[in-house]
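Trainee: Please choose one part of this model for a close look, and then explain how it fits with its surroundings.

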Amino acid sequence: MTARHFDLAVWDRAHRLTSALHLLSRRLPPQEFVGLGTELCAAAAAVPTHLAESVREAELAAQLRQIDEAERRAYETQGLLLLLAELPYLNRTTVSMLAAQMQRIQAMIADYKASVARGEYL
Amino acid sequence: MLHLLTELPEWRPALELVIGSYAQTHRIPGREQLRAGAMLRAHLRGVLRRLARGCGTVHEVDRCSELERAEAHCARIDYLWTLLGTLEWIPTAEAEQWRARWIGLRRRLAEARARLALGMTWRLGDRPAPVVLAHVTRSLPAMAPTNAPLAIIAAAADDDDHANGAANGAADGAADGAANGAANGADDDLRETPSLGPPPRDTSDVSAGVASAGVASADEDDPTDLERVRPVVDAWVDELGSWLDAAPVDAASLAGVPHAERSTARLRRRRADRRPHAQDLEGHTPRDTEHR
């Protein structure tokens, strides 16, 4: 049992992806750096944030709410990445790879949520 | 349960439309590229973000809300295309075409939301769900008249297994009966509507799901089942009746929907029967009077 979000594998992976997206978004053209770039980074950063909050929450319902939001933000990030992959700004393979990583994170969040629902993190 | 975003039926059409529109925004001249262009792109991304969030949410009500927000983005995009065409930043005819596409997507999202909400209503059984019905009511006006409420109900009922055994009889081909039952909701109608014919031919239409509306297939010998269904259908009748009053559907627009005209008339009549002023001095409704 862990009480710190640093020990969560899903948090670690989401955090690393967020960092990668921040670096990647620098390569966007100016008009998209602010628009798409900002939204992408904000959505991605919300995933580890809500996962960390879920660890801090004392009640199961609150934990699950945080995880739900992390899950929604993960999907949001993936949606934006799928859009970015179709736009002629960045290398499509790289972006698709990141989208696939986000999909993996979604699966990890689902597993984490199941564990929390079983009371393993209370 | 993990949903795949790319498998969401609305995702691909939305993504393609967004990509196409995105390319168009770069044609906007001068500094407006940074203003109107950026505004339009933000709403385009908004549609995808909301769809993605909806896919990632476990609660259907939340999914309805996300779809509604996606529709709101579509509405803004619709207006922005009008603006771009009016100011001729994009050729007017082209802007109109793009606008029409977005109206189509918005309608599609509204239908998805109505199906989701009606599916929930069905499963909730005798428990009224105001929040769900509110979604149904709000999503209906966004739809084309051809997608009449009856057909939407039918499509909703077709979407899943629909709770109890009410759907079991659906396979019997009770297409017309189900359509009538869904519209009327009256127990006498439920009992009087047998299987009248083959399933609908046009499977592309939402009316294809009429067969499994389930109401008409409820077991006659099981009053519990009818009791369970009645309040749900009554709620539909009220909500859909309000919509019909607000936006009358003419017979021609219902051409593709089996028995829609007759059912719509019954829907109106039933709703009229339920109004307080439809009662006579002795408190009888017109229907009671007929029976007497």
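Mentor: What follows looks at the start of chain B, and then at what lies around it.

This is a predicted model, in which local features need pLDDT of at least 70 and side-chain atom pairs count only at pLDDT 80 or more, whereas totals for chains, interfaces and linings use all residues. Residues are numbered from 1 along each chain as its sequence is written, chains are lettered from A and ligands numbered from 1 in the order in which they are written, and side-chain values use heavy atoms, without hydrogens or water.

Chain B as a whole has 11 helices and 0 strands (DSSP runs of H or I over at least four residues, and of E over at least two, numbered from the N terminus), and its order along the sequence is α-α-α-α-α-α-α-α-α-α-α. Of its 292 residues, 52% are buried (under 20% relative accessible area with a 1.4 Å probe and protein chains only; exposed is over 50%, partly exposed in between). Contacts (heavy atoms within 4.5 Å) between residues at least 6 apart in the sequence of chain B join residues at least 24 apart in 73% of cases.

Helix α1 of chain B, residues 11–25, comes within 10 Å of helix α2 of chain B, residues 32–55, axis to axis, and the two cross at roughly 170° (axes are fitted to C-alpha atoms over the stretch in contact, with angles from 0 to 180 degrees between N-to-C directions). The pair α1(B) and α2(B) is therefore roughly antiparallel (over 145 degrees; under 35 is roughly parallel, 65 to 115 roughly perpendicular, the rest oblique). From α1(B), the residues that meet α2(B) are B:Trp11, B:Ala14, B:Leu15, B:Val18, B:Ser21, B:Tyr22 and B:Thr25, and their partners in α2(B) include B:Gly37, B:Leu40, B:Arg41 and B:Leu44. By class, this contact of α1(B) with α2(B) has 9 nonpolar, 4 polar and 2 charged residues (Ala, Val, Leu, Ile, Met, Phe, Trp, Tyr, Cys and Pro are nonpolar, Asp, Glu, Lys and Arg charged, the others, Gly among them, polar).

Helix α1(B) also packs against the other chain: its axis lies 10 Å from that of helix α4 of chain A, residues 60–86, at an angle of about 50°, and α4(A) and α1(B) are therefore oblique to each other. Chain A contributes A:Gly79, A:Leu82, A:Leu83 and A:Glu86 from α4(A), while α1(B) brings B:Trp11, B:Arg12, B:Leu15, B:Val18, B:Ile19 and B:Tyr22. The residues in this contact of α4(A) with α1(B) divide into 7 nonpolar, 1 polar and 2 charged. Among the residues of α1(B), B:Trp11, B:Leu15, B:Val18 and B:Tyr22 appear in the contact with α2(B) and in the contact with α4(A) as well.

Further along chain B, helix α3, residues 60–86, holds B:Cys74, which is buried with a relative accessible area of 1%. Beyond its neighbours within four places in sequence, B:Cys74 is in contact with B:Val47, B:Trp102, B:Leu105, B:Arg106 and B:Leu109. The C-alpha atoms of B:Cys74 and B:Arg106 are 5.8 Å apart, although 32 residues separate the two in sequence.

By contrast with B:Cys74, which is buried, B:Glu88 counts as exposed, at 60% relative accessibility. B:Glu88 sits in the loop between α3 and α4 (92–124) of chain B, and it has a positive phi of about 60° without being a glycine.
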